[in-house]
Amino acid sequence: MTVHAPAAVHAAAPTHYRRFSRADRLLHGFLMFSFLGLAFTGLPLLFSHEAWAATLARVFGGFRSAGVIHRTCAVVMITVFTIHLSRIVRRLFGQKDLGILWGPGSMVPQPRDFFEMVAHLRWFIGLGAQPRFDHFTYWEKFDYWAVFWGMGIIGGSGLVLWFPELFAHLLPGWMFNIAMLIHGEEALLAVGFIFTIHFFNGHLRPEKFPMDSVIFTGRVTAKEMEEERADEFDRLRTQGRIDEYASAAAPRWIYRLGRTAGGIAVVLGLVMVALILFAVLQ
Amino acid sequence: MIRVLSICCRVAVALAATASLAMAAPQKPAAPKAPSNDDCLACHGDAGAVRADGRSVAVKPEAFAESIHGLSGLACVDCHADLARAAEFPHAEKLGPAQCASCHDKAVASYDTSVHAQARRSGGNLAAAACADCHGSHDIRPSSDTASRTNHARLLDTCGRCHGNEEIIKRGRIAIGNVVELFRDSIHGKALIKSGLSVAPTCTDCHGGHDIRRKSDPASKVFRQTIPTTCSRCHEGIGREYWASVHGTQVAKGSPLAPVCSNCHTAHDIRRSDVEGWKLEVIKECGTCHQQSLETYRDTFHGQVTALGYSRVASCADCHGGHRIFPKADARSTVSDARRVATCKTCHTGATASFAKYDPHADPNSHERNPLLFYTAQFMKLLLLGVFSFFGLHTALWFGRGMQQKAAGQWPRRRDEDSTEDGE
């Protein structure tokens with residue numbers, strides 16, 4: 001047998017399976033850092049009565065410079081969102097891939113998500129076995145749609161607040177009051193959710209602690225695939241498509257980069273949560 | 001030896017007798033006649049002249065000669081009246097105070113109503129200023145003289161001898177503290193000291209000279225309701241604007257709450273109105289009465305940015321005006337329906353009538369004022385509460401179960417290291 005990668009993978013059971021494409025990982029990377037930038041330059045305004053807020057604003061060079069950073073990050077995030085949307089459109093209309101609208105590869109919530117959630121909750125309290133998941137679990141879908149909705153709402157209201165004179169031609173001025181309110185409240189929701197729930201679901205829960213680097217490496221081990229995505233693994237094997245996803249381990253530098261970047265993000269996020277809790281619980 | 005001593009003694013006695021004769025000569029023959037200035041200076045003109053207790057009683061002849069009293073030919077006994085009839089010299093050590101009132105009756109009558117006179121009388125606080133403490137004694141010059149203690153340019157130092165002296169402030173229990181230090185850094189102080197402006201006010205311009213009264217005294221120039229009048233003596237145009245404003249008319253009606261100049265500008269450390277610190281401070285000042293407006297302002301971008309310590313966005317006066325504040329219903333108001341767009345335009349150059357429908361004091365808790373905002377806020381509250389409650393519980397349960405699994409040895413079923421090529 002010739003030493004040929006796919007063949008080698010085929011011969012022996014693969015050590016890893018591909019979960020995220022390079023584009024997904026890159027988009028997530030940009031999303032992550034623009035989100036951190038937005039959170040750290042925006043929250044000082046929301047908590048402007050706190051001493052730490054003034055300090056944080058000074059760290060970013062004053063409110064004007066913080067504003068420039070905030071809007072720069074906003075442009076990055078809007079770009080990420082636009083690329084993501086255009087990729088969906090291309091898959092839908094270009095590749096006629098209707099699988100993204102329904103089925104196991106789709107982010108669209110489906111009945112099985114509800115049943116899996118109930119089963120998962122029952123398992124938490126010892127009332128049943130751990131459910132078997134497919135490609136996307138219900139909490140991953142929630143994370144996705146929370147961010148999707150958040151980007152639409154926060155991004156939209158943010159643009160209104162960025163260009164009030166322009167939007168005043170389309171909207172009455174009191175809409176700025178509403179835009180201001182939902183921009184802040186949604187931001188609080190997004191920051192609170194990402195820095196606690198998403199971090200826990202992704203990284204901090206006992207079986208993943210301290211972190212899961214799949215979003216950086218794009219790969220899961222064969223064991224993870226078999227145990228955590230049992231339905232997906234069985235489905236792909238039955239369909240004979242499992243080998244399409246076979247992969248070698250990620251290069252070490254990607255793993256290290258992901259671990260460093262992810263670690264920084266988690267620490268910064270938790271610091272922000274601590275500051276918010278400090279302000280809210282006072 | 002004894003002879004030498006006795007000669008010395010005799011010479012000394014003779015000399016002393018001659019000296020005393022020389023001094024007494026012009027006085028002795030005419031006992032009722034008042035001593036002349038030269039008579040007085042014969043002793044007091046000696047720089048080393050001291051009392052029994054060692055305190056100096058010297059008078060500089062040239063300082064007196066150059067003083068207003070010297071120049072106008074006053075005699076020592078005109079002020080030291082009880083020496084006019086003194087028969088014996090050296091005269092008694094304890095004399096009555098110089099009688100300024102014998103000439104300056106109006107000034108002294110005015111002084112008698114002052115906080116300084118009051119402190120001396122009632123509290124027995126002899127540190128409180130009397131005539132000489134400000135004017136000097138033998139070297140008094142007219143206040144138009146630049147060398148005078150009461151000259152416009154030098155008065156701050158004169159008042160500062162007490163009001164800039166920590167020890168005297170403490171001893172005299174002067175509640176306001178070291179005002180001279182505050183004043184030095186104020187816009188008035190800088191204009192006076194640094195720029196040497198003759199129009200810059202010094203202490204007496206606001207407080208008066210002889211009749212300085214407590215600010216609680218309705219006759220005081222710095223009595224609350226009188227302050228705008230006092231300031232208007234220089235700031236004439238602003239005074240007119242202020243008296244027409246909602247605050248001015250309230251003060252004129254006797255309102256004890258409506259602000260006067262010093263509420264926003266302070267008294268001694270008045271700063272330029274365009275410096276950041278003052279612009280931010282004055283927001284809080286408005287909020288002492290307009291509490292709800294301050295709270296709703298803090299919810300806006302304007303209010304958040306100023307709370308962070310940056311003044312480049314609108315604060316109270318930017319929209320409402322400083323001195324020309326009127327109720328919103330008044331057409332003269334900068335936030336009236338007729339003028340609001342123009343006011344927004346001072347910063348937001350593209351502002352339109354639609355733009356100006358923005359509520360800079362929106363209250364998400366007020367259904368009447370902002371119904372849509374109210375419902376949006378309620379929805380957001382429910383959304384946040386719902387999401388965090390559900391996922392808070394979800395996370396807590398998952399964590400508990402996960403720890404249990406881990407303790408039971410069912411997880412470490414995977415390590416991150418598995419994901420790398422070489423598995424560190």
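**Exercises on a predicted two-chain model**

Lys96(A) is exposed, since 8 other C-beta atoms lie within 10 Å. The model is a predicted one, and the exercises below start from this residue.

**Exercise 1.** Determine where Lys96(A) lies in chain A and what sign its phi has.

*Solution.* Step 1: Lys96(A) belongs to the loop that runs between helix H4 (62-94) and helix H5 (111-124) of chain A. Step 2: its phi is positive, about 50 degrees, although Lys96(A) is not a glycine. Step 3: a residue counts as exposed if 12 or fewer other C-beta atoms lie within 10 Å of its own; with 8 such atoms, Lys96(A) is therefore exposed.

**Exercise 2.** Carry out the corresponding analysis for Thr266(B): state its phi, its place in chain B, and whether it is buried, partly exposed or exposed.

*Solution.* Step 1: phi of Thr266(B) is near 65 degrees, a positive value in a residue other than glycine. Step 2: the residue is found in the loop between helix H17 (261-265) and helix H18 (276-289) of chain B. Step 3: the buried class requires 20 or more other C-beta atoms within 10 Å, and the exposed class 12 or fewer. Because Thr266(B) has 16 of them, it is partly exposed.

**Exercise 3.** Identify the peptide bond geometry between Phe209(A) and Pro210(A), and locate Pro210(A).

*Solution.* Step 1: omega is about 0 degrees, and the bond joining Phe209(A) and Pro210(A) is cis. Step 2: Pro210(A) is placed in the loop between helix H8 (174-204) and helix H9 (214-217) of chain A.

**Exercise 4.** Describe the contact between chains A and B, giving the residues that each chain contributes and the composition of the chain B side.

*Solution.* Step 1: chain A contributes 48 residues to the contact and chain B 50 residues. Step 2: on the side of chain B that touches chain A, helix H20 (301-307) and helix H23 (371-407) each supply at least two residues. Step 3: H23(B) gives the largest share of that side, 19 residues. Step 4: sorted by class, the side of chain B that touches chain A has 25 nonpolar, 14 polar and eleven charged residues.

**Exercise 5.** Characterise the overall organisation of chain B by its helices and strands, its domains and its buried fraction.

*Solution.* Step 1: chain B holds 23 helices and zero strands. Step 2: its division is into domain 1 (25-98), domain 2 (113-206), domain 3 (224-271), domain 4 (272-362) and domain 5 (367-401). Step 3: taken over C-alpha atoms, the centres of domain 1 and domain 4 of chain B are 68 Å apart. Step 4: 24% of the 424 residues of chain B count as buried.

Methods: Residues are numbered from 1 along each chain as its sequence is written. Chains are lettered from A and ligands numbered from 1 in the order in which they are written. This is a predicted model: local features need pLDDT of at least 70, side-chain atom pairs count only at pLDDT 80 or more; totals for chains, interfaces and linings use all residues. Two residues are in contact if their C-beta atoms, placed from the backbone, lie within 7 Å. Helices (H or I, at least four residues) and strands (E, at least two) are DSSP runs, numbered from the N terminus. Ala, Val, Leu, Ile, Met, Phe, Trp, Tyr, Cys and Pro count as nonpolar, Asp, Glu, Lys and Arg as charged, and the others, Gly among them, as polar. Domain bounds come from an automatic or database domain assignment.
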